Amino acid sequence: MAAESASRFLARSKSVPDKVKLELHHDDDTLRVLQDTPLQQSLPQHPSLHNLQYPGLKSAGKRKRDDTPDSKTDRPPAVDARTSKSTSRPYAPPNRPRVQRAPIANKFVVNTRMTSRPAESYIEYNPLKMYKRSDLATLVYTIDLVKQCIQAIETGDDREIKFSVLRRRLHQMEFYDFIEDILVVKSKLLEDHGFPAIFNNLNFPFDLRADALLLFKKWATRQWDPDLLRGIVTKMGTNSRQKDFNTKSLDKHYPLKASASYHGEGDLVNGQWWPLQICTIRDGAHGLAEGGIYGQVAKGAYSIIMSGGGYADIDDGDTIQYCGTSGEEHKPTAFTERMLESSRLKNPVRVLRSAGLAGKHSQYRPAKGIRYDGTYNVTGYELLDKGTSMYRFTLVRCPGQDPIRYQGAEVRPTEEELRAYSKIEGYLKSSG
């Protein structure tokens with residue numbers, strides 16, 4: 001049975017070789033995976049798993065923004081359209097003067113990982129790797145918690161207590177650094193009585209269903225690396241002015257990068273969270289490291305990020321007022337054009353919120369980083385300034401989605417995410 005379960009799981013993985021052979025050693029209850037047996041099974045047919053990858057498309061230009069995490073005091077406050085006093089760029093932040101960067105010296109790549117295993121161990125396929133029985137017991141206990149919750153749903157006894165215990169366990173599981181093929185197979189968490197027993201049961205709270213679905217998607221595609229900056233290269237050094245700098249870029253060798261060039265939710269989950277905007281590129285939520293609007297000519301906008309930065313944005317949760325960018329000579333920018341196209345095409349736009357939003361302007365902002373808050377429709381727009389072609393768009397959250405996860409027990413980022421964030425916070429701030 002263990003070999004059969006392993007076959008079903010390994011067939012789901014897009015990173016596992018096409019041909020494998022499984023051999024169960026009864027003397028030590030160890031499953032070893034060898035070569036030469038074809039497997040032809042597919043991923044579980046959950047509706048949200050139909051499109052795990054999307055064709056890469058060329059993006060529009062960039063909407064510049066301050067990507068420094070949590071620089072709330074440094075960001076200019078959002079401007080109300082009726083009180084803006086700027087003459088050259090009304091309803092938008094002033095142009096920043098171009099500063100010539102000093103020559104860079106002493107540049108080096110810094111290891112930001114806080115896991116006990118190197119990145120390669122989560123990606124490379126090791127068919128003979130052993131596992132600890134204590135690690136397996138930790139995963140199997142999650143199924144016991146699920147069963148306890150189902151029993152509490154049926155009897156009504158201690159429901160909220162059981163849900164709370166399971167909720168904390170799911171949050172912790174995102175940062176387990178011992179996950180690998182054999183453990184997932186033997187724990188049976190991807191089978192019907194594991195994660196699917198949570199996200200397919202409407203009697204569970206919506207946040208538990210979302211968190212279980214997110215873990216299911218990651219583990220079914222072998223995304224087991226819990227490091228917040230996985231796939232991101234961080235470089236540090238000093239320039240000729242003896243000022244420290246910190247830059248980040250996508251690792252061109254990272255094999256699990258997803259495209260963000262698609263409409264709708266795709267493979268994302270409501271409340272999914274990242275420490276930096278560049279991480280949203282890695283996971284296919286947004287397509288630009290410094291742009292607030294991402295889209296393609298004739299296809300409209302795919303995603304936007306609400307980040308403050310001095311624009312006359314208004315955030316009311318399910319309804320938002322979102323500004324384009326300032327153009328020149330009465331001509332809209334490429335970004336504004338993408339939003340205008342979305343208004344005509346009626347395609348859904350992904351909305352992400354940044355911690356950079358000033359608190360008094362958005363109670364919905366995450367405490368740290370960036371959070372995915374669902375899809376919105378562009379229902380209208382107004383021209384705020386003719387000279388700069390500054391438009392402000394009205395977006396309304398698409399019906400049928402779970403609530404925005406900004407408060408209560410369901411809030412994201414979770415305590416575990418904030419704890420992991422604090423460990424690498426020094427590496428998250430860019431400078432130079």
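## A walk through the helices and strands

Start by selecting helix 3 (133-155) and helix 4 (159-173): their axes come within 9 Å and cross at roughly 155°. Axes here are lines fitted to C-alpha atoms, for helices over the stretch in contact, with angles running from 0 to 180 degrees between N-to-C directions. Helices (H or I, at least four residues) and strands (E, at least two) are DSSP runs, numbered from the N terminus. Before going on, note that this is a predicted model, where local features need pLDDT of at least 70 and side-chain atom pairs count only at pLDDT 80 or more, while totals for chains, interfaces and linings use all residues. Residues are numbered from 1 along each chain as its sequence is written, and side-chain values use heavy atoms, with hydrogens and water left out.

**Stop 1: two helix pairs**

Helix 3 and helix 4 are therefore roughly antiparallel to each other (over 145 degrees counts as roughly antiparallel, under 35 as roughly parallel, 65 to 115 as roughly perpendicular and the rest as oblique). Their crossing is left-handed, meaning that the near helix is turned anticlockwise from the far one by less than a right angle; clockwise would be right-handed. Show side chains to see the contact (heavy atoms within 4.5 Å): on helix 3 it includes Leu139, Leu145 and Ile153, and on helix 4 Phe163, Leu166 and Met173 are among the residues involved.

Now keep helix 4 and add helix 7 (206-220). These axes come within 10 Å and cross at roughly 30°, so helix 4 and helix 7 are roughly parallel to each other. This crossing is left-handed too. Among the residues making the contact are Leu166, Arg167 and Leu170 of helix 4, with Asp211, Leu215 and Trp219 of helix 7.

**Stop 2: the nonpolar core**

Which residues have the most contacts inside the largest nonpolar core? Select Leu139, Leu166, Leu170, Met173, Phe195, Phe204 and Trp219, out of 36 residues in that core. A nonpolar core is a set of buried Ala, Val, Leu, Ile, Met, Phe, Trp, Tyr and Cys residues joined through side-chain atoms within 4.5 Å; buried means under 20% relative accessible area, exposed over 50%, and partly exposed in between (1.4 Å probe, protein chains only). Helices 3, 4, 5 (181-187), 6 (196-199) and 7 each supply at least two residues of this core. Helix 7 gives the most, with nine residues.

Centre on Phe195 next. Setting aside neighbours within four places in sequence, Phe195 is in contact with Leu170, Met173, Leu189, Leu190, Ala212, Leu215, Phe216 and Trp219. Apart from this core lies another, of 23 residues, where you can pick out Leu288, Tyr294, Ile304 and Met306, among others.

**Stop 3: strand 11 and its partners**

Move to strand 11 (residues 349-354), where six of six residues are buried. Both of its faces are covered: Val349, Val351 and Arg353 are buried on one side, and Arg350, Leu352 and Ser354 on the other. Add strand 8 (300-306), which pairs with strand 11 in the parallel sense over four bridges (two strands pair if DSSP finds at least two bridges between them). Across that pairing, Ile305 stands opposite Leu352. Strand 12 (residues 370-385) runs antiparallel to strand 11, joined by five bridges, with Tyr376 as the bridge partner of Val349.

**Stop 4: strand 13**

From strand 12, carry on to strand 13 (residues 390-397): six of its eight residues are buried, so the rest of the structure largely encloses it. Strands 12 and 13 pair in the antiparallel sense over eight bridges, and Gly380 stands opposite Thr394. The two form a hairpin with four residues between them, and Ser389 in the turn has a positive phi of about 50°. Strand 10 (residues 319-323) is also joined to strand 13, by five bridges and running antiparallel. There, Tyr322 stands opposite Phe393.

**Stop 5: backbone oddities in the loops**

Buried or exposed: what is Arg222? Arg222 sits in the loop between helix 7 and strand 4 (232-239), with phi near 60°, and counts as buried because its relative accessibility is 3%. Ala298, in the loop between strand 7 (293-296) and strand 8, has a positive phi of about 75° but is exposed, with a relative accessible area of 55%. Finish at Pro413, in the loop between strand 13 and helix 10 (415-423), where a cis peptide bond joins Arg412 and Pro413, with omega about 5°.

**Zooming out**

Show the whole chain: eleven helices and 13 strands, with buried residues making up 54% of its 432 residues.
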